[in-house]
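Hi there,

Here is the structure I promised to pass on to you. Have a look at it first, and then read on for what turned up.

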Amino acid sequence: MARDKAELFFRKLKDYYGKPGTALNYSNPFQLLIAVILSAQTTDKQVNKITPNLFSRYPTPEKMAGARSEELEKLIKGIGLYRNKTRALINCAKKIVNDFSGEIPDTREDLMSLPGVGRKSANVVLAVVFGKASFPVDTHVFRVSWRLGLTSGKTPDKVEEEITSIYPEEEWIVFHHLLISHGRTICKARKPLCPECPVGKDCPSYQSF
DNA sequence: AACTCGGGGCA
DNA sequence: TGCCCAGAGTT
């Protein structure tokens with residue numbers, strides 16, 4: 001039963017990694033959304049380097065919608081994929097202004113209609129900005145939950161469904177944090193450090209790759 | 001389903 | 001210094 005295993009792993013991981021830290025500190029919904037878009041394929045550290053200048057120049061959807069791409073590009077250059085993201089940011093801001101009256105939409109469907117916002121980013125915004133139950137499934141979540149035997153789905157949507165059925169909503173944030181921390185430090189994509197893993201031999205994937 | 005987009009981190 | 005890593009969009 002996945003739920004029994006989940007309880008055990010959850011406890012062990014929680015003992016090991018502790019409580020979630022504070023990662024995304026943008027209280028402004030628009031700025032948080034933009035920071036999330038910029039975070040794709042990068043780290044929060046990289047994003048935090050460029051956001052002060054970016055938001056100083058384009059603090060609102062209206063300002064960003066009117067940005068010249070050459071100018072905005074300079075402000076986010078240094079981060080990866082800057083051409084894609086420049087386009088996404090400007091088009092996203094325009095859509096917020098034109099289709100959503102300048103407000104950040106609060107449904108998954110509307111968020112995903114915004115350029116640069118996919119399934120994972122939409123769920124982050126729903127959770128962080130609107131406090132809605134949503135579980136962002138990134139590659140860490142996907143890989144770690146699969147190795148632990150908690151999920152078997154082959155698509156992120158399926159994994160999200162499986163994983164959210166295991167825990168009550170109140171524990172999602174902690175569990176999400178644990179999967180991410182674990183995926184980054186021990187349960188790495190290549191060369192996972194199984195001997196150091198707090199789950200150890202209870203993991204069905206222990207030393208099997 | 002496979003590929004692209006750019007730079008940081010680490011072997 | 002070259003390989004691996006992290007999402008969204010396009011074909």
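Around DNA strand C there are 17 residues, and those that come nearest are Gln41, Gly116, Ser121, Thr139 and Arg190. Of the atoms of DNA strand C that come within 4 Å of the protein, 56% belong to sugar and phosphate. Please keep in mind that this is a predicted model, with every value computed from it.

Which backbone atoms meet the phosphates of DNA strand C? Glycine 116 has a polar backbone atom 2.5 Å from a phosphate oxygen of this strand. For valine 117, a polar backbone atom is 3.5 Å from a phosphate oxygen of DNA strand C. Arginine 190 also places a polar backbone atom 3.5 Å from a phosphate oxygen of the strand. As for secondary structure, the elements that give two or more residues to the surface near DNA strand C are α8 (119-130) and α9 (139-147). By class, that surface divides into six nonpolar, six polar and five charged residues.

Now to the other strand. DNA strand B is surrounded by Gln41, Lys45, Gln46, Gly78, Ile79, Gly80, Leu81, Tyr82, Arg83 and Asn84. Here sugar and phosphate make up 77% of the strand's atoms that come within 4 Å of the protein. By class, the residues of this surface are three nonpolar, five polar and two charged.

The polar contacts with DNA strand B involve bases as well as a sugar or linking oxygen. A backbone N or O atom of glutamine 41 lies 2.9 Å from a base nitrogen of DNA strand B; Gln41 is also among the residues that come nearest to DNA strand C. Asparagine 84 uses its side chain, with a polar atom 3.4 Å from a base oxygen of DNA strand B. At glycine 78, a polar backbone atom is 3.3 Å from a sugar or linking oxygen of the strand.

Which element gives the most to the surface near DNA strand B? That is α6, with three residues. Both α3 (44-57) and α6 (82-99) supply at least two residues of this surface.

Next, the inside of the protein. How many cavities of 30 Å³ or more are there? The count comes to one, and the volume of this largest cavity is about 90 Å³. It is lined by 14 residues, of which His182, Cys187, Cys194, Cys197 and Cys203 are the closest to its centre. The lining of the largest cavity consists of 10 nonpolar, three polar and one charged residues.

With those cysteines in view, you may ask how many disulfides there are. The count is zero. Why is there no bond between cysteine 197 and cysteine 203? The closest cysteine sulfur to that of cysteine 197 is in cysteine 203, and because the two are 6.2 Å apart, they are too far for a bond; the cut-off for a disulfide is 2.5 Å. Seen from the other side, the closest cysteine sulfur to that of cysteine 203 is in cysteine 197. Are these two cysteines buried or exposed? Cysteine 197 is buried, with a relative accessible area of 14%, and cysteine 203 is buried too, at 12%.

That is what I have for you. Happy browsing!

Best wishes

Definitions and conventions: Residues are numbered from 1 along each chain as its sequence is written. Chains are lettered from A and ligands numbered from 1 in the order in which they are written. This is a predicted model: local features need pLDDT of at least 70, side-chain atom pairs count only at pLDDT 80 or more; totals for chains, interfaces and linings use all residues. Side-chain values use heavy atoms; hydrogens and water are left out. On a 1 Å grid over the protein atoms alone, a cavity is a set of points where a 1.4 Å probe fits but cannot get out, and a pocket is an open set with protein on both sides within 12 Å along at least five of seven lines; lining residues have an atom within 4 Å of a point. Grid points are joined across faces, edges and corners, and a volume is the space filled by probe spheres set on the points. Ala, Val, Leu, Ile, Met, Phe, Trp, Tyr, Cys and Pro count as nonpolar, Asp, Glu, Lys and Arg as charged, and the others, Gly among them, as polar. Buried means under 20% relative accessible area, exposed over 50%, partly exposed in between (1.4 Å probe, protein chains only). A residue is near a molecule or strand if one of its heavy atoms lies within 4 Å of it. A polar contact is a pair of N or O atoms within 3.5 Å; within protein, one must be able to donate a hydrogen and the other to accept it, and residues adjacent in sequence count only if both atoms are side-chain atoms. Helices (H or I, at least four residues) and strands (E, at least two) are DSSP runs, numbered from the N terminus.
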